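User: I have a model open and would like to learn how to read its features. Could you take me through it step by step?

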Amino acid sequence: MRRIRIGAPRYGLSDANTDGMLVKIKCHACSITHCYRPADLITICGDVQLDEIAGFFRCESCGRKAFLSADWLTAQGGDFKGIRLRRLVGVRLVRVYDWEDGTL
Ligand SMILES: [Zn+2]
């Protein structure tokens, strides 16, 4: 296994996926935490680094982004027994129309 450099500037979601880690995203206003597989987050965020992940999310409870943070989650004793995991089951694209008023 490659040496894990947690917090190092070049360690991204693809590295975490290779190393079998999870990502924990927490809202510090609501104290709600969700855990994700890095491969699922790559679908949403791309292969970004840890400090960029939270910016792609909004708390489902309070609707705010400012209180979210992301951390790597490493296996304790070789597995993630008992951890509740959020899995990506689909992606919906929403079409939004932007209008501008003008004169003829
Ligand atoms: Zn919240």
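Analyst: We will go from the sheet to a loop, then to the core and the helices. Keep in mind that this is a predicted model.

User: Let's start with the sheet. What is the order of its strands, and which strands are at the edge?

Analyst: The four strands form an open sheet in the order β3-β1-β2-β4, and the pairing is mixed. The edge strands are β3 and β4 (85–86), since each of them pairs on one side only.

User: How many bridges join β1 to β3, and how many join β1 to β2?

Analyst: Between β1 (residues 22–27) and β3 (residues 68–73) there are six bridges, in the antiparallel sense. To find the register, look at the residue pairs: I25 stands opposite A70 in β3, and the β3 bridge partner of K24 is D71. On the β2 side (residues 32–36), β1 has five bridges, and these two strands also run antiparallel. There, C27 has I32 as its bridge partner.

User: What is special about the backbone of S31?

Analyst: S31 has a positive phi of about 60 degrees although it is not a glycine. You will find S31 in the loop between β1 and β2, a hairpin with four residues between the strands.

User: Is S31 buried or exposed?

Analyst: The cut-off for exposed is 12 or fewer C-beta neighbours within 10 Å. S31 has 9 inside 10 Å, so S31 counts as exposed.

User: Now the interior. Which residues touch the most other members of the largest nonpolar core?

Analyst: First the general idea: in soluble globular proteins, nonpolar side chains tend to be buried together. In this model the largest nonpolar core has 15 residues, and V23, I25, L41 and I53 touch the most other members. Two or more residues come from each of α1 (13–18), β1, α2 (38–45) and β3. The element that gives the most is β1, with four residues.

User: Which residues is V23 in contact with, beyond its neighbours in sequence?

Analyst: Leaving aside neighbours within four places in sequence, the contacts of V23 are A16, C35, Y36, P38, L41, I53, A70, W72 and L73.

User: And I53: where does it lie, and is it buried or exposed?

Analyst: I53 lies in helix α3. A residue with 20 or more neighbours counts as buried; I53 has 24 C-beta neighbours inside 10 Å, so I53 is buried. With neighbours within four places set aside, I53 is in contact with V23, I25, L41, C45, V48 and A70. You can check one of these pairs by distance: the C-alpha atoms of I53 and A70 are separated by 6.5 Å, though the two residues are 17 apart along the chain.

User: Which residues of α2 are buried, and why are they on the same side?

Analyst: The general idea is that an α-helix has 3.6 residues a turn, so residues three or four places apart point the same way. In α2, the buried residues are P38, L41 and C45. They are on the same side of α2 because they cover an arc of only 55 degrees around the axis.

User: What covers the buried residues of α2, and what follows the helix?

Analyst: The cover includes α1, β1, β2 and α3 (50–53). After α2 comes G46, with a positive phi near 85 degrees.

Conventions
Residues numbered from 1 in each chain as written. Predicted model: local features only at pLDDT ≥ 70, side-chain atom pairs only at ≥ 80, totals over all residues. Pairing = 2+ DSSP bridges. Core = buried A, V, L, I, M, F, W, Y, C linked by C-beta atoms within 7 Å. Contact = placed C-beta atoms within 7 Å. Arc of directions from axis to C-beta.
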